[in-house]
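Subject: Structure for your files

Hello,

Here is the structure we spoke about, followed by notes on what came out of it. Please read them with the structure open.

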Amino acid sequence: MNAPNTGRLPVVVIGAGPIGLAAAAHLVERGMEPLVLEAGPSAGTAVRDWAHVRLFSPWAEVIDPAAEKLLAPTGWVRPDGSAYPTGGDWAEQYLQPLAAALGDKVRYGVRVTGVARAGRDRIVDADRDEQPFTIHALGTDGREERITARAVIDASGTWSTPGPMGADGLPALGEKTATDRVSYRVPDLKDPAVRARHAGKRTAVIGSGASAFTALASLADLAKEVQGTHATWILRRGIGANTFGGGEADELPARGALGLRAKAAVEDGHASAVTGFRTDAVDRDGDQLVLVAEDGRRLDPVDEVIVLTGFRPDLSFLSEVRLGLDERLQAPTALAPLIDPNVHSCGTVYPHGVNELSHPEQGIYLVGMKSYGRAPTFLAMTGYEQVRSISAAIAGDREAAERVELTLPETGVCGGAGLYDEPDTAQNGEGGGCCGAPATLQIGAGPATTSGSC
């Protein structure tokens, strides 16, 4: 598995989120040296961006086994397994202590700007697999450095690259110049500055997943308190029987309740739904914005726009390594058929590991939400299994790497861009979501609800 003379080099892990830190814990358990490079100032930087959101899954289902073993000797107290943490709880009570237990194996304020083979650009074949990886990184002080590694595990997620409002996958005309009134996150209406942007205002919410439900439910609550607050819900497809999820029949009660709250927001008049609307342009109308569809329809002016159309991977710093990615999902080619929303409605996403996550370039792996590319519904337990398998493979334990040590409930992909014209056959879509049983968690596709994440 490892090239000669590289065994003493560290395995570089990109990102100190839930999956990146779990990868480091598994590497330590295998007697290897991880080096976690985190662009942000603390563990779980992306998770902290949705600190106000409560997960759908309880603590028992969002703690990695190897990480728990690493934490045990530190005096860490395991949270009540039946309680549901917020993103902030997850970061403060688990991710930050885990990073502290890893000590100087985690470095903050270091942004990876490039990954390559030492002395080989992507064209060169000669002795390629025998060379270590070189990772170019940029510190917050502007200092550049080059790090040598035996393998690279990219757990940088997709949080930094939200999808645009344009229905063709590109920013709508005028979107980039309207950034003062456009946001790409579920609003925290407990924040006075955020609340002021929406109180007594008209807000357009674009997206049809759990994140959109959260925004609609929150804005509906605000509308009950502040007169004049109203949401316009923009959907690229129609409203069908499954638009609002499983409701009372949902195997995750908190998620079902969220869908019912979003439905109530529409039925009670706090939100109005606009269906079959594929945004093409954003026009200015004084201090307000007007959304224009591909078919020429123009909506009434709004004060704010919240775009919740999913996320996508940043592959820019991987241009010099040879990745095998599906041309549609930008996920590893062997994994893509398992998660493709153009094929699956609510199919099972099977546990998977090194075989599905390998690339033509040996020794580099995309894991976590980034491994799903543009597909929604990434499961935390799936990510923990990914890094367990990969760590075993890097250590040379192929039998353990190929052994499945996780049994997932039936879950999977609901909806997706390929299905948005068929409301009765797709549940979520642009914003992502999940349709499974308990023990699921959506990471990277955005926080799902104020009462829980998938």
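The loop between strand 4 and strand 5 is where Arg128 is found. The model is a predicted one, and the notes below should be read that way. Arg128 counts as buried because its relative accessibility is 4%, under the 20% limit for that class. Not counting residues up to four places away in sequence, Arg128 touches Arg117, Arg120, Asp121, Arg122, Glu320, Val321, Arg322 and Glu361. From Arg128 to Ala118 the C-alpha distance is 8.5 Å, with their positions 10 residues apart in sequence.

Asp127 is in the loop between strand 4 (110–117) and strand 5 (133–139) as well. Its phi is near 55°, a positive value in a residue other than glycine. Asp127 counts as partly exposed, because its relative accessibility is 44%. Gln330 also has a positive phi, of about 60°, and is not a glycine. Gln330 sits in the loop that runs between strand 14 (304–307) and helix 8 (336–339). With a relative accessibility of 22%, Gln330 is classed as partly exposed.

Now the chain as a whole. It has 454 residues, of which 57% are buried. Its secondary structure comes to 11 helices and 15 strands. Of the contacts with a separation of 6 or more, 71% are between residues 24 or more positions apart.

On confidence, the chain averages a pLDDT of 86, and 83% of the residues score at least 70. Over residues 409–454 the pLDDT stays under 50. The model has 208 contacts beyond four places in sequence for that stretch.

Next, the helix packing. Two packed helices are described by the angle between their axes and the distance between the axes. Helix 1 (residues 18–29) and helix 4 (residues 87–102) have axes that come within 10 Å and cross at roughly 35°. The crossing of helix 1 with helix 4 is left-handed. On the helix 1 side, the contact is made by Pro18, Leu21, Ala22, Ala24, Ala25 and Val28. Helix 4 contributes Trp90, Leu95, Leu98, Ala99 and Leu102. By class, this contact has 11 nonpolar residues, no polar ones and no charged ones.

Helix 1 also packs with helix 10 (residues 380–394), their axes coming within 9 Å and crossing at roughly 35°. Here the crossing is right-handed. Pro18, Ile19, Ala22, Ala23, His26 and Leu27 in helix 1 meet Ala380, Gly383, Tyr384, Val387, Arg388 and Ser391 in helix 10. The residues of the contact between helix 1 and helix 10 divide into 8 nonpolar, 3 polar and 1 charged.

Then the nonpolar cores. In soluble globular proteins, nonpolar side chains tend to be buried together. The largest nonpolar core in this model has 59 residues. Those with the most contacts inside that core are Leu21, Trp90, Tyr94, Ile153, Val367, Ile390 and Ile394. Two of these names appear in the helix 1 and helix 4 contact, Leu21 and Trp90. Ile390 is in contact with Ile153, Val354, Leu357, Tyr365 and Val367, leaving aside its neighbours within four places in sequence. Another core, of 22 residues, lies apart from the largest one. Its members include Val186, Trp233, Leu235 and Ile306.

Two further buried residues are listed here with their contacts. His198 is in helix 5 (residues 192–198). A relative accessible area of 2% is why His198 counts as buried. Leaving aside neighbours within four places in sequence, His198 is in contact with Pro187, Leu189, Thr203, Leu219, Leu222, Thr229, Glu304 and Ile306. One of these, Ile306, is also named in the core of 22 residues.

Thr232 belongs to strand 10 (residues 230–234). Its relative accessible area is 7%, so Thr232 is buried. With the same neighbours set aside, those within four places in sequence, Thr232 is in contact with Arg202, Thr203, Ala204, Val205, Ser272, Val274, Leu299 and Val302. Thr232 and Val274 are 42 residues apart along the chain, and their C-alpha atoms are separated by 7.1 Å.

Regards

Key:
Residues are numbered from 1 along each chain as its sequence is written. This is a predicted model: local features need pLDDT of at least 70, side-chain atom pairs count only at pLDDT 80 or more; totals for chains, interfaces and linings use all residues. Side-chain values use heavy atoms; hydrogens and water are left out. Axes are lines fitted to C-alpha atoms, for helices over the stretch in contact, and angles run from 0 to 180 degrees between N-to-C directions. Helices (H or I, at least four residues) and strands (E, at least two) are DSSP runs, numbered from the N terminus. A crossing is left-handed if the near helix is turned anticlockwise from the far one by less than a right angle, and right-handed if clockwise. Contact means heavy atoms within 4.5 Å. Ala, Val, Leu, Ile, Met, Phe, Trp, Tyr, Cys and Pro count as nonpolar, Asp, Glu, Lys and Arg as charged, and the others, Gly among them, as polar. A nonpolar core is a set of buried Ala, Val, Leu, Ile, Met, Phe, Trp, Tyr and Cys residues joined through side-chain atoms within 4.5 Å. Buried means under 20% relative accessible area, exposed over 50%, partly exposed in between (1.4 Å probe, protein chains only). pLDDT is the predictor's confidence in each residue, from 0 to 100.
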